[in-house]
Structure formats: C-alpha cells, structure tokens
Amino acid sequence: MARRAAFLAGAGAAALAAGLALAQAPGPAPEPHRTITSPESGRNYATPETLAIQDDDFQNPAFLWVEEGEQAWNHPAGSAGQSCASCHQDATASMRGVRARYPAYNAAKGRVVTLEQQVNICRTERMGAPELRIDSRELNAMTAFIGLQSRGMPMNVDISGPARPFFDRGEEFYNTRRGQLDMRCGSCHEDNYGRSLRADLLSQGMSNGFPTYRLKEQRVISLQFRLQGCVNDVRGEPPAMGSEEFTNLEFYLAWRAQGLPVETPSVRR
Ligand code: HEC
Ligand code: HEC
C-alpha cells in the first residue's frame, strides 16, 4: 500500500491514467460460455447391457488394463532403476484426484499437459525410460490405473491464469466446422444429443469416462483415439494423437464435463 501511494503521489496525471489502465488490463478473463449447463455422462446414453458390464468390476474387461497398470506402477523401468512407486508410493493415496484435474497447466513446460503426457514426462525426465506411444496398451493401462483412483470424484480442471489461452484454443477447435460434412463437434453433441446417428445414440460427448473399454475395438481406448474417430466421422483430417490441438481440445472437454464424476474405466460400444 505504502509503495503504491508513493508511486501515485509522484506521478503526473497522464502517468496516473496509464498506471490505472495497466493495472486493469490483465484482470481475470471473462467466464467462458457454457452451452450445456447441466452436463450428462455418456453412461446415460449407453444401453443397459453395456452399463451392466461397466458397473461390475469383475465383468468390465478394462480391469485387465488396470491390473497391468498397477504392475507397471511397481516395476522399475529405465536407466535410473526406479518405478513410479519409488517416488509416488501408494497410488491409491498419491494419485487420488489426479484424473479429475487433468489436463493441467504444467509451469515447467509452459503449457497444458494431458495425463498421458505427464506419465511420459516422468518416464523420460525422471526415470530415464523411453516415452510410451499415445494410445498404446501400456500407456492406456497406466492411465486406466491412475484414473481409477479418482473414480466418483467430480471433474475439476483449472482453466484460470496461464492455462486460459490453451483452454480458449480448445474451445475454438470445438466450435470450428470441419471435414466434408462441415460440422462442428457441437453439431452432434450439443444440437443433436439424444437422437440416433446410424447405430449410435448421440451423447453429449463428455470425457469423464476415459480411458474407456470400447466393445467394438475390444480394447481400452484413450480419449484422443475417440476424438480421431469423431473427426473421421465428419470426413475431416484429424490431428495426431498427442498433438497440441488435441491436448487443448481435451482440456476444453474436461471443463465441459466439470462436475461429472470420473467414471474411469467406463465401457462403451
Ligand atoms: C524420480 C521420481 C519420480 C518417478 C520415478 C516418477 N515420478 Fe511422477 N512425478 C514426480 C514429481 C517430482 C512430480 C511433480 C512435478 C512434475 O510435474 O514433474 C511428478 C508428477 C506426476 C504426476 C502428476 C501428479 C499431479 O498431482 O499433478 C503424475 C500423474 C505422475 N507423476 C505419474 C508418474 C508415473 C505413472 C510414474 C511411473 C511411470 C512416475 N510418475 C514416476 C516424480 C517422479
Ligand atoms: C457426426 C457426428 C459427430 C461429430 C460431429 C462428433 N462426434 Fe463425437 N461422437 C459421435 C458418436 C456417434 C459417438 C459415440 C456415441 C456417443 O457417445 O455420442 C461420439 C462419441 C464422442 C465422445 C465419447 C463420449 C462417451 O461418453 O464415450 C466424445 C468425448 C466425443 N464424441 C467428442 C467429440 C468431439 C470433441 C468432436 C469434435 C472434434 C466430436 N465428438 C464430433 C459422433 C460425432
């Protein structure tokens, strides 16, 4: 306060005005517009048969991936001879809530990173281990295992401060028409949810269940694999999995799903 008063006292009228303008310019970004005000999980659009598989951990095939992830968690990899557990110990405690707040802004990287990318950052920078390919079985197993530790917790990503420009880019991607069908994501997931598209019942396209076991693929898939499928559906050119475009889009999707419980690992047809 004292320093500010001294600065104002010594300043001329023009400098005072400039100082005030400067002080106001970086204020908080306006709240983003939420098209769907009460989001619904994709489980509300799944068939009873699919839900029965999701709701029984013994039947849900994704638990094979979860088990593989847990084994990898405790298994040393890379030149440092360490496992995830060497640093993070018990995942049920250390990873609780992590899936609910990812993607997240990573200050060291100066950008938003997905959970997949964070796992790879630890592997390459802390373990001396190679990156796992996005959507590979090993990486989906790890994110399924980590995600499970947040099951039931509300999605709660932080889009404030330095994260906001990445969010804005994700929102812009979401709302851009693309492909031969010239559709935006919301053409299906905001304007037409609850209606059938070929064999599918369109949901609101929420991300809270990922990674998910896809019956059609007979494997656990990552969110970005699903997103490539959606861009292909409109006959567009999907960005690569792990690209900045999809990372920002995934960040926006997490915010769209804000408040929905994490359902990892869900089951979808
Ligand atoms: C040598 C210690 C070390 C090892 C080994 C390690 N990590 Fe990390 N990890 C860290 C540190 C330190 C952070 C926090 C700083 C950062 O973001 O890099 C972190 C952050 C994370 C986060 C983000 C947590 C949060 O609250 O945002 C996840 C997820 C994670 N690690 C997963 C893993 C996984 C999976 C492995 C094994 C493949 C692993 N880590 C191995 C040190 C380690
Ligand atoms: C032509 C219609 C169409 C468009 C456009 C479309 N999708 Fe989808 N999307 C689908 C269908 C069909 C499914 C599977 C059924 C469902 O959950 O809606 C799906 C599923 C999803 C899911 C998984 C939901 C769940 O609970 O498993 C997400 C997330 C998603 N879409 C996001 C997007 C995003 C982001 C875009 C824009 C890049 C997009 N979609 C564009 C048709 C579309």
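This section describes two iron-containing ligand sites and three individual residues in a predicted model.

Ligand 1 is considered before ligand 2. Ligand 1 sits in the second largest pocket. A shell of 19 residues surrounds ligand 1. The closest of these are Cys84, Cys87, His88, Arg101 and Cys122. Three helices, α5, α7 and α8 (137-148), each supply at least two residues of this shell. Helix α7 gives the most, with 7 residues.

The iron atom of ligand 1 is coordinated by two protein atoms, NE2 of His88 and SG of Cys122. These contacts fall at 2.0 to 2.3 Å. Histidine 88 belongs to helix α5 (residues 84-88) and cysteine 122 to helix α7 (residues 115-127), so the pair ties together parts that are 34 residues apart in sequence. In total, 6 donor atoms surround this iron atom. They subtend angles of 87 to 179°, and the arrangement is therefore octahedral. For six octahedral donors, the ideal angles at a metal are 90 or 180 degrees.

The two protein donors of this site fall into separate accessibility classes. Histidine 88 counts as partly exposed because its relative accessibility is 31%, and a residue must be under 20% to be buried. Cysteine 122 is buried, with a relative accessible area of 19%.

Side chains also make polar contacts with ligand 1. A polar side-chain atom of histidine 88 lies 2.8 Å from a nitrogen atom of the ligand. The side chain of tyrosine 102 places an N or O atom 2.7 Å from an oxygen atom of ligand 1. For arginine 126, an N or O atom of the side chain is likewise 2.7 Å from an oxygen atom of ligand 1. Histidine 88 thus appears both as an iron donor and in a polar contact with the ligand.

Ligand 2 sits in the largest pocket. Here 22 residues form the surroundings. Cys185, Cys188, His189, Ser203 and Cys230 are the closest. Four elements each supply at least two residues of the shell: α10 (185-189), β4 (200-201), α11 (223-233) and α12 (244-256). Helix α11 gives the most, with 5 residues.

The iron atom of ligand 2 has two protein donors, NE2 of His189 and SG of Cys230. They lie 2.0 to 2.2 Å from the metal. This pair links distant parts of the chain, with histidine 189 in helix α10 and cysteine 230 in helix α11, 41 residues apart. Around this iron atom, 6 donor atoms subtend angles of 87 to 179°. The arrangement is octahedral because opposite donors must be over 155 degrees apart and all others between 65 and 115, and the angles meet this rule.

At this second site, histidine 189 is buried, with a relative accessible area of 17%. Cysteine 230 is partly exposed, at 26%. At the ligand 1 site, by comparison, the histidine is partly exposed and the cysteine is buried.

Polar contacts to ligand 2 involve several side chains. An N or O atom in the side chain of histidine 189 is 2.8 Å from a nitrogen atom of the ligand. The side chain of serine 203 has an N or O atom 2.7 Å from an oxygen atom of ligand 2. Arginine 268 contributes a contact of 2.8 Å, from an N or O atom of its side chain to an oxygen atom of the ligand.

Three further residues were examined. Serine 83 lies in the loop between α4 (62-74) and α5. Its relative accessible area is 7%, so serine 83 is buried. A polar atom of the serine 83 side chain lies 3.2 Å from the backbone nitrogen of alanine 85.

Threonine 264 is found in the loop between α12 and β7 (266-268). Threonine 264 is buried, with a relative accessible area of 0%. Its side chain makes a polar contact of 3.2 Å with the side chain of arginine 99. A polar atom of the threonine 264 side chain also lies 2.7 Å from the backbone oxygen of phenylalanine 210.

Phenylalanine 173 is placed in helix α9 (residues 164-175). This residue is buried, with a relative accessible area of 11%. Its C-alpha atom is separated by 8.3 Å from that of asparagine 248, although the two residues are 75 residues apart along the chain.

Notes. Residues numbered from 1 in each chain as written. Chains lettered and ligands numbered in written order. Predicted model: local features only at pLDDT ≥ 70, side-chain atom pairs only at ≥ 80, totals over all residues. Heavy atoms only, no water. Donors = N, O, S within 2.8 Å, 3.2 Å for Na, K, Ca; no water. Tetrahedral: all angles 85-135°; square planar, octahedral: opposite > 155°, others 65-115°. Buried < 20%, exposed > 50% of the residue type's maximum accessible area, 1.4 Å probe, protein only. Near = heavy atom within 4 Å. Polar contact = N/O pair within 3.5 Å; in protein donor to acceptor, adjacent residues only side chain to side chain. 1 Å grid on protein atoms, 1.4 Å probe; cavity = no way out; pocket = protein on both sides within 12 Å on 5 of 7 lines; lining within 4 Å. Sits in = over half its atoms within 2 Å of the grid points.
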